[in-house]
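Q: I'd like a close look at one part of this model, and then a walk outwards from there through whatever connects to it. Keep it relaxed, but keep the numbers in.
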Amino acid sequence: MNNIEFISAGAGSGKTYKLTVILADALESGAARPHAILATTFTVRAATELRERARSWLLGKGRIDLATAVGQARLGTVNSVCGQMLKRFCFQLGLSPDQTVLSEGQTKRLLASSLSETLDGPGQVELVQLTTRFGIEQSEWSKFIESVVKAARDNDIDPSDLRAMGLRNADLMLANWPAPSAGLDLTVTLADVLSQALAAVSNYIQEAVAKGTAVAKNLQSGQQDLQRLERAFREGHWTWPDWIAAYGVDAGAKVKDHLLPVKEAAQGHEAHPTFHAEVRRYLDLIFNLAADALDTYAQAKLALGAVDFSDQEVLLLRAVRESPEVREALAGELDLILVDEFQDTSPLQLALFVELAKLAKRSVWVGDPKQAIYGFRGTDARLIAGVLGAIKTWGGTLGGPLTTSRRSTPGLVSLTNAVFESAFHPDLAPDEVRLQREVT
Amino acid sequence: MHVTFGLSLDARQGASQQNSFNAPVVGRLGLLSLLETYLGLSAPETSAAQRVASYLGYLQQVDDCNRFFSKSLKADSIGTAAKLLSWRDEWHIGGWNGAAPETAPRRVRELALIEQSAARDLASGEAERLAAVATALKSGSPTPIRSVELVDPPAALPWAWRQVLNLLPNVSVQALTPHGKGQLRVLQEAALNAISTGGMGAKLPPTTDGSVQLVTALSRQTAEHWLSAHNAANPADRLVVAEELGDSLDAILAATGGANCGFESPNPLRPALQAVGLALELCWEPLDIARLVDFLTHPVGPLNRTARARLAEAVVEQPGVGGDAWRAVKKDVAAQDGGAALVDEIEFWLEGNRWPRTDGVPLEVLLNRVDRLRDVFRRRLSGEAAQTSVFLPAHQQCSAVFDGLTELLRQGVPKLLPREVEQLIANSTPSGAVNPASAAQVGGMRSSRRAAVCIDAADEVVWWMPASPALPAALDWSDSEVQALATMGVELRDPAKELKLLAVHWLRPLLAARQRFTLVLPPPGAEEHPLRQLLLRLAPDLESRALNLDDGVNGAFHGTLAEPLTHVSFPDVPRNIQLPSPLPLPTSPQSFTSLTELFNSPALYALKRVARLRPTAVLSAEEDNRLLGTLAHKALELLFANAEALGWSSEQARAWFRANAGKLLQTEGALLLMQGAGVSQQRFLMTCERAITTLLGHFRAAGVKQVRTEVEFNGVLGNIPLTGKVDLAIELQDGRTVALDTKWRDERRYASLLHEGRHLQLALYSTLVDQATGQSPAAVGYFILDTGALLISAPDVLPTAQVRRPPDGSSIVEVLQRARATWDWRAGQWAAGQIEVVPVDPPPEYRGPDGTLAVEGPKRWDSDHLVLLGGWEQ
C-alpha cells in the first residue's frame, strides 16, 4: 500500500482549510501534477468550495499558472469522479461510451421493470399467488425484492451467494415458530369451525330478532366478519392475514364461547405446514429472483447505455481490481488522492479508495469518526474505527488530528465534549472525541 | 480578402463590427468552407450520422470479438462507432497518417487496422478536408485571401490547421489589446500582465471612476430587471456576454419593453427534434402507452394535430389501440374532408406491425417512416420564416437519420435495436436547434455566448453571471498511448495548454471594454469564476464597492426594480357564498354522482355543474384501480353478451376469458402489456378470472335467467329528472330482478354503506328500474371484483350472496325520501341565493334539517375545485 495518511478533523476544526493547503502545497512543490490530483467530497458544493479556495490560495501566492491549472484536477463527489472514470474506461468494461446516469427514480423504475421481466409467466403467477397469500399489496410487491437487490449490489454480493440466502433466511425465521404439525388439516379445521361459529352466531341473532331484542352493533359486525372469512375459506381464496383476522373476530361477550374454537384453530397457522412451506418458497423465490434480476437489470442497463449510482462504484472497483490496463493507466496519473468526509464512506467506497491508494503516490483521507451518521447510505462508525486500526498495518500514518474547534463557543465545545466522550465509549477513546476550545 | 480567424469564432452570434464581405471574421468551419469554395473543393456535406454509420461498418469488419472495443460495440454499436470515429478524427487532425508500428499500444494498432479500410472510403472529416485544401494550395490554386489575422496563437491551433495556414499569405497574430481608459485600463493591463507572465503585481488602488463595476443580486430575476432598466436609462454601445441563461435574460428584456439580444440557446430537445424519436418509438412491441400519448400530444408530428389530440383522449380513456373510443375517433375522422387519406396515415403510423425490442426493427421499416417524416417537414419549409426555422433543423435531422440508415442498409445490416435507433438519432442531432423566437431585435444590445469570441471592442461590456466554467476535457488515452502517438508525429491537443488558452479567452470581455466593464455576479451559491477571483486579487476593493441590487430595490438608483407588497392574509372561508339573486338548480337529468356533490358540497356542485369549471389536466394514461375496474367492467360486458354464458361451467368461463383477455388488454388495457407490467397483468388476469367464475357461480346458484350490462335508465326523483347506468341488471327465473353495481375493491367499505343505510346509489338504481319496468328490484347490491364478494340488501334472492340488510329506517323508499328532502333543502338555499361551502369532514353544524341525508362534505380528490372555495390548506 502506498503512502496513506488519515487526518481526524472534528467539526469546525478547519478541515477545508487543511485540504486546501494540502492540495495547494502539492501543486506548488511539484509533488502532484494538476491532472494527477483526484479529490472526492461529499457534496458538489464542497467540491466547488475546495476548487475556489485552492485557486484563491494559489493566486494569493502569485501562482496564476497553478491557479489556472487547478481546473485539470478531478474534484467532485465520489459518484461524479467515479462516473468520469467509468466513461474513460468504458472499453475495458465493455460499456457504452455514451453513458446515461440513471436518477434514483429511473433506477427504481428500471429495476422494478427488470424484476417483472425476470420471471416467466408461470413464475409471475406463483409470485402473485404468494404475495396475495401474504397480504402484500399489488403496489408493494417489488419493494422487498428491490431492497434485496440494492443490498446485494451495495455490498458486492455474488448472485450465487444471494440465492442461498433465501432458504437460510427462512430457516432462521421459522426456527422461531412452532414446528410444522402433522396430522389434521388445519385449514379444513378452521373452515369447519368458522362455519359452525357463523351458524351459531347467526342463530343467536335470528333468535334475538324474533324476540324483538335489539342486535348489538359488535354482534352484527362480528357476524359479517365471520361471513367474509367463512366464504374465503369455503371458496379457497383465503390469505394468511385472514388467519390473523379469524383469531381476532370479536362479536361481543354473548357469543364469545362460539368463537373460542375459531381462535384456537386460527392460532394453528404458526404450525401450519403450508405456512412454513409458503414462507420458505416465498423467500427462496424472491432471493432467487433478486439474484436473477442482478443480471436482467444489468442487461437492461447495458441495452439502454445506462449506469446507476451503484454501478459507478461497483464497476469501477471491478475495473481497478481486474483490468491491468486500467491499473496501468491510473498508476501513471494519480499523484495525490484526497478524500473528504471519509467517515461517510460506504464499504464499497472504502474498497475503492483502498484500491486507488495502492496505485497513487499519496492518499490523504480526512474525516471525523464522530460524524459517521449516514447509516442509510451504508456507512458505519465501526467501519471507520476498523480502518483507523488497520491503517498503520497498511504502512499508512495517522496525521496530527485537527482538534481545535474554530466554529463553536467554548461553552458549546465543553458541552459536546461532556456528552460525546461517553457516548462514543468504547468505540472511540475520549481523546479521540474531545475538541479543544479555540484560544482567542 | 483579409480574414480574421480564431478557433472559437464560429460561435459568434449577431453582426460583427469587423465582419464584411472582403474581411470575414471566421472560425474553423467558416474558414474551411471559404477556402473550399474558392478552391473548387465544395462538396455536399456528409452528415455526422452517415460517417458514424460508415465507420461502424469498418469496425464490424475487423471485429473478431477480441478487439479492445468488441464488448462496447456489442452493447452500443453506434455509440462506440461515434466515439472511435471522434478519436480517429482527432488523431488525424493532429497529423496521424493512419499507420501504427507493431510496438504501438494495442488500441492504437487496432485503430490503425480499421484505418486501412476507412482511409479509402470514409467520407471526409475536417482533417481530410484540410488536407485537400492544403494540396490545392500547394499546387498553386489561387484564392482571394491576401492576409489572415489570427486571434489565437498558432501553437494553439491543431496541426492540420497549421499546415493550411502555412500556405496562406501574410498570416499574423493579433496581439491582445486593452481598449479601456482610466482605471479600467489599469485593471486590463494588470490582468493581461498576470495572465501573460503568470505572476501577480502589486494590488491596485480602489477603482473610483466607475469604469469597473461588480453587481450582485440575490436572484437572477432582480439582475435581469436591473440590466433592462440600466440599458434603457443609459443607451450605449453595449455588449452582453452570457455563457448561460441568455434566453432568460432576453425574455425579461422583451417583457420590460427592451429588445432581444438574440441568445440562440441551441438545444437538442426542441420539440421538432423529438418528433422522429417518437415516431420510431411506436415500432416497438409491446407498445409503450406513455410514448404513444407523447406522440399524440406532441406539438410536432406527422399526423394532423386535431386528429392526434382526439386519439390521445381516446387512449387516455381506453389505454390501447383499436378500442371502442379509438374506433369512434377514426370513424369521425373518416367522415371529414380528406378523411380517407388521414385514416390511412393513422393506420400507417399507429396501427402497423411492431417488433420486439430484443429483436430489432427491420431497416426498411425505419427508412420508410423516416422518409415520410422527412417529407412532412420538407412540405413545411415553404411557409413563414419562423415556421421554417422550426422545421429546418428537424428536416436536416431526418435527412441525417435517413442517410445513416441508408448506409447501414448498404452494409447489409438487417435490423436495429432500440439503443441503436436512439444513438443514430443522437448523432443526427449534434448541436440541437436554436430557439426560433430568439432572433436579435433592432435596438438590442450586442451579445455573445462565449467569452472567447469577444474580439470587438464595446463602450460597455457586461459579463453576465460567469460561474463554473466549462473546462477542457481530459484526454481519453493513457500516457503510453499518448507517447506512442507523439513518437509517430501526432500532435494531440494538450489540456494544460488549452486551459491556459481558456484563461486568455476569459480576459477578452474585460479587454474589449472601452469605457466600462460590468461583472454581474451569479446569485450566492454558484462557483466563483476564475476571472472574478483574479480581478478581486488584483483589485480587492471591487467587492466592497459592488452594486448590491437588493439594497437598491427601494431606492431610485435605476428606477423601480420591485414593488414592495403588503402582506395580505387569505380571506376566511365563508359559510355561504351569498349571491345577489336566487339561483335555480339545473333541470337537466341528475346522476348519483351529481346529486352526491350537491348534497355534500353545494359550492363544489355549483363550480362543476353550473359554472362548468374543469381543472386543466395533462393527458396521461395511468395504471390504477380505476383502469382495472373499467377493464373488469368491460370483461363482464363481453361475457354476458354471450347468451349462453349463464350456463357455462367455471372451466368454460375460464376458457372464454383466457381466449378474450388478450384482445381486451390490447385495445383498452395496453398499460398492462407494457414492458415490466407482467406481474400487474397476471394479478389483474387472476383477479378478473376468479371474479367471473365466482359471479357465475352466484348466478347459477340463483338460477339467473338473464343478465344485461351497462343498462341506462331514465326517470325522476320527485320532480328531479334522474339518469343512471346499472352495471348488472339481473332477471331471475321467477321474474324478480336484482340491480348490482360492480366495484374493483373495498369490500368492507361497500358492506358498511349497505349496513349503515348509506346506499343512495343503489336506492336511485332501484327507483330507476322500478319506473322503467314497473317492478322494483327484489334486491340491490355490490359485486366486489377483487374478493368476489356479492353483497346484497335482501335475503332469499341470491342464495350464495352475503346479505347486508340496511338498518331500520333506511329502506330504499326512506333513503329516497331523504334524498328528495335534501334536494328541497339545497334548492331552498339556492333560491335564497345561498350556496353553502362545506369543508372536508364537516362538523355537526353542517347537518341538514331532520329527514335529510347526512352531509359528508366534499372529497379530497376534488382539491382542484376546493382551492377555489378557500380550501388552500388542503
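Which residue of strand 20 of chain B does B:Gly781 stand opposite? Please start there and work through the surroundings.

A: The residue facing B:Gly781 is B:Ile792, in strand 20 of chain B. Keep in mind throughout that this is a predicted model. The two strands involved are strand 19 (residues 779-784) and strand 20 (residues 789-792) of chain B, and they pair in the antiparallel sense over 4 bridges. As background, strands of a sheet pair through backbone hydrogen bonds, either parallel or antiparallel.

Zoom out a bit and you see that this pair belongs to an open sheet in chain B, with 6 strands in the order 16-17-18-19-20-21 and mixed pairing. Strand 16 (704-717) and strand 21 (802-803) of chain B sit at the edges with a single partner strand each, so one side of each has no neighbour in the sheet.

What lies across this sheet? Helix 25 of chain B does: it crosses strand 16, strand 17 (720-732) and strand 18 (737-743), running at about 120 degrees to strand 16 of chain B. So much for the sheet; helix 25 is the way into the helices.

One hook on helix 25 is a salt bridge between the side chains of B:Lys634 and B:Asp324, at 2.6 Å from N to O. B:Lys634 is in helix 25 (residues 625-640) and B:Asp324 is in helix 14 (residues 324-335) of chain B, so the pair ties together parts that are 310 residues apart in sequence. The burial of the two partners is worth a look as well: B:Lys634 counts as buried at 11% relative accessibility, while B:Asp324 is partly exposed at 37%.

Helices 25 and 14 of chain B turn up again around helix 13 of chain B, whose buried residues pack against both of them, as well as against helix 12 (289-297) and helix 15 (339-350). Those buried residues are B:Ala307, B:Arg308, B:Leu311, B:Ala312, B:Ala314, B:Val315 and B:Val316. Helix 13 (residues 305-317) of chain B has 13 residues and spans 18 Å from first C-alpha to last, close to the 18 Å expected at 1.5 Å a residue. Its N-terminal end is capped by B:Asn304, with a side-chain oxygen 2.8 Å from the backbone nitrogen of B:Thr306.

Step across to helix 15 of chain B and the span again fits: 12 residues reach 16 Å from first C-alpha to last, close to the 16 Å expected at 1.5 Å a residue. Its buried residues include B:Leu342, B:Ile346, B:Phe348 and B:Trp349. The buried residues of helix 15 of chain B pack against helix 11 (271-281), helix 12, helix 13, helix 14 and helix 16 (363-379) of chain B.

Another part of chain B worth a stop is helix 24 (residues 602-610), which holds B:Arg609. This arginine, B:Arg609, is partly exposed at 31% relative accessible area. Leaving aside residues up to four places away in sequence, B:Arg609 touches B:Thr593, B:Ser594 and B:Glu597. With B:Glu597 there is a side-chain polar contact of 2.9 Å, and the C-alpha atoms of B:Arg609 and B:Ser594, 15 residues apart along the chain, are separated by 7.7 Å.

There's a second piece of strand pairing in chain B as well. Strand 5 of chain B pairs in the parallel sense with strand 13 (residues 513-520) of chain B over 4 bridges, and B:Gln213 stands opposite B:Thr518 there. Strand 5 of chain B also runs parallel to strand 14 (residues 547-548) of chain B, joined by 2 bridges, with B:Val215 opposite B:Leu547. Of the 5 residues of strand 5 (residues 212-216) of chain B, 4 are buried, so the strand is largely enclosed by the rest of the structure.

Back to charges, to finish: the structure holds 88 salt bridges over all chains. One of them joins B:Glu115 to B:Arg88, with the closest N and O atoms 2.8 Å apart. B:Glu115 lies in helix 5 (residues 106-121) and B:Arg88 in helix 4 (residues 77-93) of chain B, so this pair ties together parts 27 residues apart in sequence. B:Glu115 is buried at 2%, and B:Arg88 is buried at 2% too. Finally, a network of salt bridges links A:Glu325 with B:Asp64, B:Arg67, B:Arg106 and B:Glu110.

How values were computed
Residues are numbered from 1 along each chain as its sequence is written. Chains are lettered from A and ligands numbered from 1 in the order in which they are written. This is a predicted model: local features need pLDDT of at least 70, side-chain atom pairs count only at pLDDT 80 or more; totals for chains, interfaces and linings use all residues. Side-chain values use heavy atoms; hydrogens and water are left out. A salt bridge is a side-chain nitrogen of Lys or Arg within 4 Å of a carboxyl oxygen of Asp or Glu. Buried means under 20% relative accessible area, exposed over 50%, partly exposed in between (1.4 Å probe, protein chains only). Two strands pair if DSSP finds at least two bridges between them. The expected span of a helix is 1.5 Å times one less than its number of residues. Contact means heavy atoms within 4.5 Å. A polar contact is a pair of N or O atoms within 3.5 Å; within protein, one must be able to donate a hydrogen and the other to accept it, and residues adjacent in sequence count only if both atoms are side-chain atoms. Axes are lines fitted to C-alpha atoms, for helices over the stretch in contact, and angles run from 0 to 180 degrees between N-to-C directions.
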